[in-house]
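Here is a short report for a first look at this structure. It takes the loops, then the ligand, then one helix.

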Amino acid sequence: MTTVARSVAQLEDTIVAVATPSGRGALAVIRLSGPDAFAIAAKHLDPQPSQMRVPQLCSVYDGEVLDQALVTFFPGPNSFTGDDTVEISTHGGYLVPSSVIAALISSGARQALPGEFTRRAVLNGKLDILQAEAIGDLIDARSQTMQRTALGQLDGGLSRRLLSLRDNLIDLEALIVYDIDFPEEDDGPVSRERVEKAATDIVESLKALLATAPAGELIREGAIVVIAGRPNVGKSSLFNALLGRSRAIVTEIPGTTRDALEAVIDSGKWPLRLVDTAGLRETDDRIERLGIEVSERYLADAHVILACAESPDQLAETIDAIARDTSAQIIAVRTKADLVANREQSPDSRPNIAVSAESGLGLQDLIERIDEALSEKHGEIAPELPILTKARHRHALTLACSEIEQFLRAWREENLPATIASIHLRTAVSSLEELIGTVEVEDVFDRVFSSFCVGK
Ligand code: GDP
């Protein structure tokens, strides 16, 4: 089936799913959307909702009553998906939502695939694919910076910027067509410099956007900050003290729940994923050198490593042991600074930050120092600018950029007919359109939506 035919067939189905997480809870929201949504719902509701967009208390039944629920009808095209949509807020838990879903399926609805509601919203022109991605990012956001970035993208910030660059490219193509149509005029109606300037401007704008990618990917994923040091230097205490000062969310890391604790600290500029791997004593996955405790894997993945020790000498040793296995920035942290012995030590051989998990001394400075280290390496975050947060964005813009640069080379050297050179511009336009989702490219859609949850 062609792309278009498949999309139409998909849009003819009425799909249903629970939009809230499964499990015990006060409410579950069921979404039903598609051409037959109202008719299918009507078979199972009593009374029928009398007004559009106004929630109404109804019995949901399938032979017998399944629940009392609040039901709202949203007529297309002014619904999230753009199709007629019914939202049913049932009681939560395991049985009620699934029995209501089963009833709706028995009357002709189909269980929705992951991300299928949002996909429909895109196919119906309610959102572009960048905005759809932003919904996924918003759901996955674990920091306020990511939440803000995703909301900006959902609001169309990045899409508008890219659409305007695409328009500039199409204008440039038009200039060249004009030039081709009037070949007999020596300098043509369009000067070569004008074309060159327009192409160069677009390349510069694309490069400015591309320059936000390292920061964007770090905002999205969070910077991995690993605590390393000898046993008993106070690593776990520092982890807990840093968490205690911030609104941290402690999570278990998939696959390493036994060994490593991770917490997202959101109080600085960058979302920090603080990792304590001290519990790795029992496993093989740690660096044994000089008895430094840190996971090998995290040493490789880290953006910043907090090398912890109680004395300057021990600190120098710790840093030396770590430095050869990582490209991360290393911050020297002298722990237990509240202890008299630590305070009275001789002048330090290297600059470090003195902290105390006990008294809280130096903790805020440490967070600021981590932020600075990240900004030095990954650039500053400019909240008012659209940011590229995904490899998909970066690849599309890199391709567009390189195509326009190839065009520019051919144009300057005049070694290709303009018709051939401008094929590069067409490829650049297609790359931007694929990125924004103004044209449906099925595998791009599949990739974007496969990471969504069902019901979204
Ligand atoms: P780890 O093995 O490196 O994770 O070290 P811990 O965090 O378990 O700490 C080892 C010992 O040092 C514990 O008895 C802590 O109470 C103590 N300790 C940790 N941080 C401080 C601190 O800032 N000040 C003082 N006085 N004691 C600390």
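Pro-47 lies in the loop between strand E3 (45-46) and strand E4 (56-62); strands are DSSP runs of at least two residues (E) and helices of at least four (H or I), numbered from the N terminus. The model is predicted, so local features need pLDDT of at least 70 and side-chain atom pairs 80 or more, while totals for chains, interfaces and linings use all residues. Residues are numbered from 1 along each chain as its sequence is written, and side-chain values use heavy atoms, without hydrogens or water.

A cis peptide bond joins Asp-46 and Pro-47, with omega about -5°. Another cis bond joins Gly-76 and Pro-77, with omega about 0°. Most peptide bonds are trans.

Arg-53 also lies in the loop between E3 and E4. Its phi is positive, about 65°, although Arg-53 is not a glycine. Arg-53 is partly exposed at 38% relative accessibility; buried means under 20%, exposed over 50%, and partly exposed in between (1.4 Å probe, protein chains only).

Now the ligand. Of the 15 residues around the ligand, Asn-232, Lys-235, Ser-237, Asp-338 and Ala-357 come nearest; a residue counts if one of its heavy atoms lies within 4 Å. The table gives distances from an oxygen atom of the ligand.

| Residue | Partner atom | Distance |
|---|---|---|
| Gly-234 | polar backbone atom | 3.1 Å |
| Lys-336 | side-chain N or O atom | 2.9 Å |
| Ala-357 | polar backbone atom | 2.8 Å |

Helix H12 covers residues 312-323. Its buried residues include Leu-315, Ile-319 and Ile-322. The buried residues of H12 pack against E8, H11, E12 and E13, where contact means heavy atoms within 4.5 Å.

Key: A polar contact is a pair of N or O atoms within 3.5 Å; within protein, one must be able to donate a hydrogen and the other to accept it, and residues adjacent in sequence count only if both atoms are side-chain atoms. The expected span of a helix is 1.5 Å times one less than its number of residues.
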